[in-house]
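Subject: Structure handover and notes

Hello,

Please find the structure below. My notes on it follow.

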Amino acid sequence: MATDVVVLISNAVRLRAIREASPFPGRILYFNDSNLATALGTIRANEPCRIALDIQFADSSTGRAFAGKLRSLSTTRSEVLLVSLENGRWSMQPSEISTGAVVPAAPATVVAAASAAVVASASGAVVAATSGDVVSAADLNLNLNLQNPNTRRVPRFPVMDPLAALVDGKSTSLIDMSVMGAQVVSSPVLKPNQRLRITLPDEGDTVLQVTAHIAWSEFQTSKKSPLPFYRAGLEFTDASAQALEEYLKRHCSDAPIPPRR
């Protein structure tokens with residue numbers, strides 16, 4: 001029987017979000033996916049234990065190689081779990097290692113869920129008003145499912161934490177993204193067909209820079225916001241799809257926003 005020790009492995013951004021939410025019971029030992037040798041040593045020292053692999057790490061080439069290593073070491077007494085974020089909730093799902101890959105076990109059972117704080121951070125973005133006030137997207141009554149049909153050709157994913165992107169050098173809140181575009185909330189004016197330079201914050205001090213044009217824009221007001229604001233859909237014009245896919249994995253929820261019906 002596995003002990004209450006959980007060795008949890010994820011990338012730096014998602015690991016920070018999990019640690020801040022603290023959604024899982026028991027003794028959690030956190031490891032960045034850049035420190036797999038130490039994680040493996042900890043697993044062997046605490047066997048049998050629970051090995052929780054973030055689903056995006058498990059689906060990467062490095063994650064599959066790590067799963068293969070676990071399989072070759074015959075860590076069969078330990079329980080393997082997949083960690084994912086869906087609908088603003090972190091969960092652990094029993095899984096099994098099959099030919100070097102980690103797949104959900106059948107039947108799939110959610111064994112832990114996140115706190116309400118994660119729900120708020122996964123679905124809300126902030127608007128930095130000129131006055132310095134910070135207002136959540138929920139307070140602004142932003143419907144994340146209301147999207148222009150022309151910008152919903154691919155799935156959009158809500159950001160895990162509020163991200164302050166720079167649009168032409170001005171702070172703008174990033175709400176959700178796809179490999180083709182993003183939805184933002186901004187105090188400065190955003191007008192359809194504007195061409196913009198976007199700077200997206202990434203791990204550490206790194207950024208991802210892309211260009212985009214505004215596909216649609218709506219002027220909105222709210223009692224919770226001291227100033228009016230714009231909600232807009234951006235369409236990227238020069239970004240690498242692979243770079244954006246990797247960015248989405250690091251910063252967005254695993255579950256896409258349901259299409260509007």
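Here is what turned up, taken region by region.

First, the ground rules. This is a predicted model, with local features needing pLDDT of at least 70 and side-chain atom pairs counting only at pLDDT 80 or more, while totals for chains, interfaces and linings use all residues. Residues are numbered from 1 along each chain as its sequence is written, and side-chain values use heavy atoms, with hydrogens and water left out.

Two terms recur throughout. Helices (H or I, at least four residues) and strands (E, at least two) are DSSP runs, numbered from the N terminus. Buried means under 20% relative accessible area, exposed over 50%, and partly exposed in between (1.4 Å probe, protein chains only).

The N-terminal unit

Strand β1 (residues 5-10) and strand β2 (residues 27-32) run parallel and share six bridges. Strands count as paired if DSSP finds at least two bridges between them. Leu-8 sits opposite Tyr-30 of β2. With helix α1 (residues 12-21), the two strands form a right-handed β-α-β unit. Right-handed here means that, with the strands pointing away from the viewer, the path from the first strand over the helix to the second runs clockwise.

Asn-11 caps the N-terminal end of α1, with a side-chain oxygen 3.1 Å from the backbone nitrogen of Val-13. Val-13 is itself buried, as are Arg-14, Leu-15, Ala-17, Ile-18 and Ala-21 in α1.

Ser-22 follows just after α1. It lies in the loop between α1 and β2. Its phi is near 45°, a positive value in a residue other than glycine. Most residues other than glycine have a negative phi, and most peptide bonds are trans. Ser-22 is partly exposed, at 49% relative accessible area.

Two more backbone points

Asp-168 also has a positive phi, near 50°. Its place is in the loop between β9 (157-167) and β10 (170-177). Asp-168 is partly exposed, with a relative accessible area of 43%.

The peptide bond from Glu-47 to Pro-48 is cis, with omega near 0°. Pro-48 belongs to the loop between α2 (36-46) and β3 (50-54).

Strand β11 and its neighbours

How many residues of strand β11 (residues 181-186) are buried? Six of the six are, so the strand is largely enclosed by the rest of the structure. In a regular strand the side chains alternate between the two faces of the sheet. Both faces of β11 are covered: Gly-181, Gln-183 and Val-185 are buried on one side, and Ala-182, Val-184 and Ser-186 on the other.

β11 pairs with β10 in the antiparallel sense over four bridges. Three residues make the hairpin connection from β10 to β11. Asp-176 stands opposite Gln-183 of β11. β11 also runs antiparallel to β14, joined by six bridges. There, Gly-181 has Glu-235 as its bridge partner in β14.

Aromatic pairs

A search of the whole structure finds two aromatic pairs. Rings of Phe, Tyr and Trp (its six-membered ring) pair if their centres lie within 6.5 Å; planes under 30 degrees apart count as stacked, over 60 as edge-to-face and the rest as tilted. One of the pairs is Phe-219 with Tyr-230. Their ring centres are 5.2 Å apart and their planes at 65°, so this pair is edge-to-face. Phe-219 is in strand β13 (residues 207-220) and Tyr-230 in strand β14 (residues 229-236), eleven residues apart. Phe-219 is exposed at 51% relative accessibility, whereas Tyr-230 is buried at 17%.

Helix α6 and a side-chain contact

In helix α6 (residues 241-251), Leu-244, Tyr-247, Leu-248, Arg-250 and His-251 are buried. These buried residues fall within an arc of 165° seen down the axis of α6, so they line one face of the helix. The arc is that of the directions from the helix axis to the C-beta atoms.

The side chains of Gln-56 and Asp-254 make a polar contact at 2.9 Å. A polar contact is a pair of N or O atoms within 3.5 Å; within protein, one must be able to donate a hydrogen and the other to accept it, and residues adjacent in sequence count only if both atoms are side-chain atoms. Gln-56 is in helix α3 (residues 55-58) and is buried, at 16% relative accessibility.

Cysteines

The structure holds zero disulfides (pairs of cysteine sulfur atoms within 2.5 Å). Cys-49 is buried at 0% relative accessible area, and Cys-252 is buried at 0% too.

Best wishes
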